[in-house]
Amino acid sequence: MKLYKIRKSKIDNKGRGLYATKNIKEGTKIINYLGKIITNKEVEESNKYDNKKPIYLFTLNKKYTLDGDFSFNIAGLVNHSCDANARYDGKGLKIWITADRDIKKGEEITCDYGFSFDKEDYKQFPCKCKSKNCCGFIIREESRWRIHRKFAMSNKKKLINNFR
């Protein structure tokens, strides 16, 4: 029995997601992230990998990247959440989605996409997860403090300007 089924996502209202078909224990490998192994040079030179479109790339090492932008890559349906219940695990040239904590039957399987913070580009990737700790953008957990600090500073400036 598969550990997941495809359903309409609560995170991506226009898209689909993967949902647990039974309780999944922490550490369980859920699904293999499939795709084509390409060189990092191909990524840099191709128009296919443009931030204006969905990107399904995983850097495997200094030389290779996994392009998961294929209909047979069911793992590509896993949506981002700032409160993810799974993670991407890589060994060699394989990527697995693995439970990061116990996942309950019927719960959407989510991962932190791990996008880095870029002062210019982060706004291109709004987050729709609606979790309590959502920073509003798809930014890896270690960098979210930058977003929180940025908005705290802008809110502080607004308060100061209101009292003038």
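## Fold and contacts

Two residues are in contact when heavy atoms of each lie within 4.5 Å. On that basis, among the chain's contacts between residues at least 6 apart in sequence, 62% join residues at least 24 apart. The model is predicted.

The chain contains 10 strands and two helices. Read from the N terminus, the order of elements is β-β-β-β-α-β-β-β-β-β-β-α.

## Burial and surface

Of the 164 residues in the chain, 37% are buried. The exposed area of the chain comes to about 11,000 Å², and carbon and sulfur atoms account for 51% of that area.

## A positive patch

K5, R7, K10 and K105 form a positive patch on the surface. One of these residues, K10, is located in the loop that links β1 (4-8) with β2 (16-20). K10 has a relative accessible area of 59% and is therefore classed as exposed, the cut-off for that class being over 50%.

## T110 and its surroundings

T110 belongs to strand β10, which covers residues 110-111. Is T110 buried or exposed? Its relative accessibility is 4%, so T110 counts as buried; the limit for burial is under 20%.

With neighbours within four places in sequence set aside, T110 is in contact with I11, V78, N79, S81, D83, A84, N85 and A86.

Methods:
Residues numbered from 1 in each chain as written. Predicted model: local features only at pLDDT ≥ 70, side-chain atom pairs only at ≥ 80, totals over all residues. Heavy atoms only, no water. Patch = residues over 30% accessible without salt bridge, like charges linked within 9 Å, V, L, I, M, F, W, Y side chains within 5 Å. Areas by Shrake-Rupley, 256 points an atom, 1.4 Å probe, with all protein chains shown as cover. Salt bridge = Lys/Arg side-chain N within 4 Å of Asp/Glu carboxyl O. Lys, Arg positive; Asp, Glu negative; His and termini not counted. Charge placed at Lys NZ, Arg CZ, Asp CG, Glu CD. Helix = DSSP H or I, 4+ residues; strand = E, 2+ residues; numbered from the N terminus. Buried < 20%, exposed > 50% of the residue type's maximum accessible area, 1.4 Å probe, protein only.
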